[in-house]
Amino acid sequence: MIELEATRTSVPTTPADDAEPTLHSKPSYSSDLSDSTESSIEKRQLVKSDNRITEESKPYDHDYQPTGSNEERDTGRKDQVLTDRQGHEISPIPEVAAVVSNTDDPSIPCMTFRFWVMGLVSIFALSFVNQLLKISFFREAPMVVGALAVQLLSYPVGQFMARVLPTRRHNLCGFQFTLNPGPFNVKEHVLVTIMANCGAGTAYAVDIIVIQRVFYKQNFGFIANLLLILTTQLVGYGMAGILRRYLVYPAAMIWPSNLVTVALFNTLHTREHLAPGQWTRQRFFAVCAIGSFLYYWIPAYIFPAITALTLLCYINPSNVVLAQVTGSQGLGIGVLSLDWNTITAFLGSPLITPWWAQMNIMTGFVLIAWVMVPIAYYTNIWNAKQYPILTSKLFTTDGYYYDTLSILTPTKNLDEGMYSAYGPLRIATFFAISYGIGFAGLTAIMTHTFLYHRKQIWAQWKDARGASQDIHYKLMQAYKEVPEWWYLSLFTVMVILAIVTCEVWDYGLPWWCVLLAVGISAVFSLPIGLIQAVTNQQPGLNILTEFVIGYILPGRPIANVTFKTYGYISMSHAMSFLGDLKLGQYMKIPPKAMFMTQLIGTCIAGVINLITANWLLSTRPNICTQEGYPWTCPGANVFFSASVIWGVIAPARMFGPHSIYHPLMYFFCWPGTFLDKIHTPVLLTSTGMMPPARPYQYANWLVIGFVFQYCIKRFRAEWYNRFNYVLSAALDSGVAMAALVIFFTLQMQGVDFPSWWGTHMNSCPLDKANFYGQIPMNKPKALPNEQTSP
């Protein structure tokens with residue numbers, strides 16, 4: 001319930017992990033790679049021809065050797081230029097230099113008929129499918145069909161269209177065009193993928209609409225819902241354009257997840273010259289993707305138990321403490337997952353996140369999940385033993401599930417008398433501590449940014465075009481940049497529409513609260529962007545926004561979630577847009593083409609999300625309840641719980657001086673650290689997705705990260721630079737394709753695999769129980785003066 005968007009995607013530049021990988025290993029931006037890595041980088045020559053830059057590919061022969069001494073390359077001087085042995089300028093970041101081309105041909109067409117056809121079809125399809133998957137229950141790990149699937153499918157489709165479409169030029173009112181300008185090129189492919197990425201995630205505001213209709217029995221109509229979705233999506237777009245100079249242009253802002261995407265584009269579009277017997281990236285990708293596709297049928301359909309093998313719990317499943325500590329629904333110690341989707345569901349691919357960032361995540365995770373939480377729970381702080389150790393459910397003081405509707409007025413605001421009679425709300429220990437850590441994380445974001453990034457921000461403020469710009473930024477100067485007033489105008493219009501939406505329809509949020517929410521998002525976008533651009537992790541603002549509006553407007557759940565959406569999701573969407581803009585810089589896409597693609601894709605995705613959600617809400621009985629399986633809306637249920645804690649009960653009651661949870665407020669006083677090797681925002685927010693994420697997912701993620709980001713990168717550097725990102729893309733691709741086939745051909749039709757031991761997900765049932773072995777239940781209707789206990 002501590003929500004991070006996330007993304008499955010996105011902190012300081014990806015470091016070269018050549019130093020001893022301890023928690024205090026400082027990220028290094030040195031470009032000094034060993035000779036063993038040189039053969040992994042394709043040699044390209046820049047050829048001047050007719051005032052444009054073209055590209056010739058040659059066999060690799062140890063061409064990536066930065067000139068200059070290590071000391072000179074580590075100084076980071078503004079006038080420093082790194083070159084390969086052929087004298088061509090390269091990125092100062094080794095991981096970027098290994099996969100991103102340092103050449104460009106500005107004459108390549110990108111806004112073609114093929115792009116529009118494939119881009120529009122993909123955005124319609126992904127927006128519909130992902131909204132469908134979000135409302136349905138797809139096993140324990142969330143499933144999203146990402147832009148990766150479109151990236152793969154659009155390549156053969158584009159090649160086919162290039163062969164069959166007519167090449168004749170047409171003249172329409174003086175505008176000349178052709179349906180087929182030549183071979184399907186990588187820039188068209190990138191734009192198709194970016195448009196699809198706009199539909200890869202669902203509009204967060206849809207959850208407001210769902211909980212209004214299902215839990216609060218309100219419906220403001222299609223126009224209000226559409227304006228809410230579009231304004232929450234596009235406010236962040238305006239902020240992204242303003243932040244380009246800080247989070248896109250500098251070389252140090254690498255956005256690690258983009259390197260996987262670039263590696264896949266290279267795999268599909270680049271012809272390699274290899275030594276005899278050496279595998280091409282295309283062949284390696286194909287073999288791994290097919291293997292991933294075939295294997296995923298096992299955990300997803302045939303043998304779901306391997307998603308979480310509770311090995312230690314098998315010793316004595318009837319022991320409550322053992323189940324809580326070693327169960328998949330508990331602390332997850334010793335749980336083995338053999339499911340790639342489950343492992344990467346919340347943190348993204350461990351093959352992407354730098355090892356130094358993973359060390360910070362591991363430290364925070366172990367200290368919080370396996371040290372602080374057990375101590376608090378088994379010493380019975382906050383009467384913790386009365387509830388399960390890890391859950392996002394809400395409870396009464398005697399351990400029953402909390403009936404929220406019993407304390408609301410007909411207008412869905414808090415009824416003080418009914419609340420006093422029913423009693424205060426309680427939450428699980430892990431849930432409570434995660435809120436406290438979230439408070440500390442907010443302080444850490446600001447202090448870390450001030451301590452370690454203030455000079456860089458000030459330098460970029462003084463000269464947005466001057467410092468730390470690499471070859472990729474320089475090549476983009478061949479294209480006209482999108483004027484900043486375009487983004488400012490969009491931002492202004494969307495803020496005005498947001499105010500109109502909240503004032504005309506009764507969202508309970510006055511105009512000045514909308515401005516406050518947008519202001520919070522704007523203030524935090526830069527520091528959070530600095531973190532995500534180098535660590536591949538995105539701290540969320542959900543706690544801060546819920547906290548602020550909960551104090552300002554207590555007892556108003558819809559106003560609370562609306563404020564949170566404008567304050568939190570505007571920032572999150574800004575990060576998504578910025579990541580795409582960085583991808584556009586890596587692939588040398590004209591900025592105005594990027595602007596149009598993102599804007600159109602976002603608008604279409606929001607409309608399709610809304611139409612799909614309305615259709616499901618109107619046609620599926622008992623939707624978003626257990627009786628409506630598989631349409632149980634797990635995300636919306638977590639969203640509803642948050643609306644109760646922060647909106648109905650409000651932080652003054654939940655964390656105020658008279659609350660048992662008041663000590664959590666002191667986490668706001670986190671002092672930060674002057675140890676620059678420790679990235680405190682990443683360390684503190686590492687458990688921010690638990691719940692709904694589970695500790696065993698983190699543990700398995702870290703093991704794989706250690707194997708690839710430390711062992712293989714250190715001892716098999718040539719293989720790492722050549723195949724690491726390709727492998728990550730292949731595993732994701734195979735899972736995505738298999739998930740689609742399984743969901744639409746079998747699970748949607750109600751065809752289950754024959755029941756056997758391996759189809760039972762949890763063989764450790766007491767991990768959901770409280771300390772006394774009791775599974776929580778709904779509170780029965782008691783007679784007057786009758787006492788009940790679970």
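Start by selecting Glu-416, which counts as partly exposed at 45% relative accessibility. You are looking at a predicted model, so everything on this tour is computed from it.

**Stop 1: Glu-416 and its partner**

With Glu-416 still selected, add Arg-653. These two form a salt bridge, and their closest N and O atoms are 2.5 Å apart. Colour the helices around them: Arg-653 belongs to helix H23 (residues 651-654) and Glu-416 to helix H14 (residues 416-422), so the pair ties together parts that are 237 residues apart in sequence. Arg-653 is partly exposed too, at 30% relative accessibility.

**Stop 2: zoom out**

Now show the whole chain as a cartoon. You should find 26 helices and 10 strands. Of the 790 residues in the chain, 60% are buried. Switch on the surface if you like: the chain exposes about 30200 Å², with carbon and sulfur atoms supplying 64% of that area.

**Stop 3: two more salt bridges**

Side chains of opposite charge can pair when their charged atoms come close. How many salt bridges are counted here? The count comes to six, and the next two to visit have buried partners.

Select Glu-188 and Arg-114. Their side chains meet in a salt bridge, at 2.7 Å from N to O. Glu-188 sits in helix H5 (residues 186-197) and Arg-114 in helix H3 (residues 113-135), so this contact ties together parts that are 74 residues apart in sequence. Are these side chains buried or exposed? Glu-188 counts as buried because its relative accessibility is 0%, and Arg-114 is likewise buried, at 0%. The cut-off for buried is under 20% relative accessible area.

Next, select Lys-564 and Glu-546, whose side chains form a salt bridge at 2.9 Å, N to O. Here Lys-564 is in helix H20 (residues 557-586) and Glu-546 in helix H19 (residues 542-552), so the parts tied together are 18 residues apart in sequence. Lys-564 is buried, with 0% relative accessibility, and Glu-546 is buried at 1%.

**Stop 4: helix H6 against helix H21**

Two packed helices are described by the angle between their axes and the distance between the axes. Select residues 206-214, which make up helix H6, along with residues 591-619, which make up helix H21; their axes come within 10 Å and cross at roughly 20 degrees. Angles under 35 degrees count as roughly parallel, and H6 and H21 are therefore roughly parallel to each other. Turn the view to follow the crossing, in which H6 passes H21 in a right-handed sense.

Stay with H6 and show its side chains. How much of H6 is covered? Eight of its nine residues are buried. Click along the helix to pick them out: Val-206, Asp-207, Ile-208, Ile-209, Val-210, Ile-211, Gln-212 and Val-214.

**Stop 5: two residues with positive phi**

Select Trp-255, in the loop between helix H8 (244-247) and helix H9 (257-269). Trp-255 is not a glycine, yet its phi is positive, at about 55 degrees. Trp-255 is also buried, with 1% relative accessibility.

Then move to Ala-650, in the loop between helix H22 (634-649) and H23. You met H23 at the first stop, as the helix that holds Arg-653. Ala-650 has a positive phi of about 80 degrees, although Ala-650 is not a glycine. At 1% relative accessibility, Ala-650 counts as buried.

**Stop 6: a contact across the sequence**

Select Ile-389, found in the loop between helix H13 (355-378) and strand S9 (394-395). Ile-389 is buried, at 0% relative accessibility. Add Lys-768 and draw a distance between the two C-alpha atoms: the separation is 7.8 Å, although these positions lie 379 residues apart along the chain when you count from one to the other.

**Stop 7: a nonpolar patch on the surface**

Finish on the outside. Which residues make the nonpolar surface patch of about 770 Å²? Select Tyr-295, Ile-302, Leu-311, Tyr-314, Leu-336, Leu-338, Phe-753, Trp-756 and Trp-757. To place one of them, centre on Tyr-295, which is in helix H10 (residues 281-302). Tyr-295 is partly exposed, with a relative accessible area of 35%; members of such a patch need over 30%, so Tyr-295 passes that cut-off.

Technical notes: Residues numbered from 1 in each chain as written. Predicted model: local features only at pLDDT ≥ 70, side-chain atom pairs only at ≥ 80, totals over all residues. Heavy atoms only, no water. Patch = residues over 30% accessible without salt bridge, like charges linked within 9 Å, V, L, I, M, F, W, Y side chains within 5 Å. Areas by Shrake-Rupley, 256 points an atom, 1.4 Å probe, with all protein chains shown as cover. Salt bridge = Lys/Arg side-chain N within 4 Å of Asp/Glu carboxyl O. Helix = DSSP H or I, 4+ residues; strand = E, 2+ residues; numbered from the N terminus. Buried < 20%, exposed > 50% of the residue type's maximum accessible area, 1.4 Å probe, protein only. Axes fitted to C-alpha atoms, helices over the stretch in contact; angles between N-to-C directions. Parallel < 35°, antiparallel > 145°, perpendicular 65-115°, else oblique. Left-handed = near helix turned anticlockwise from the far one by under 90°.
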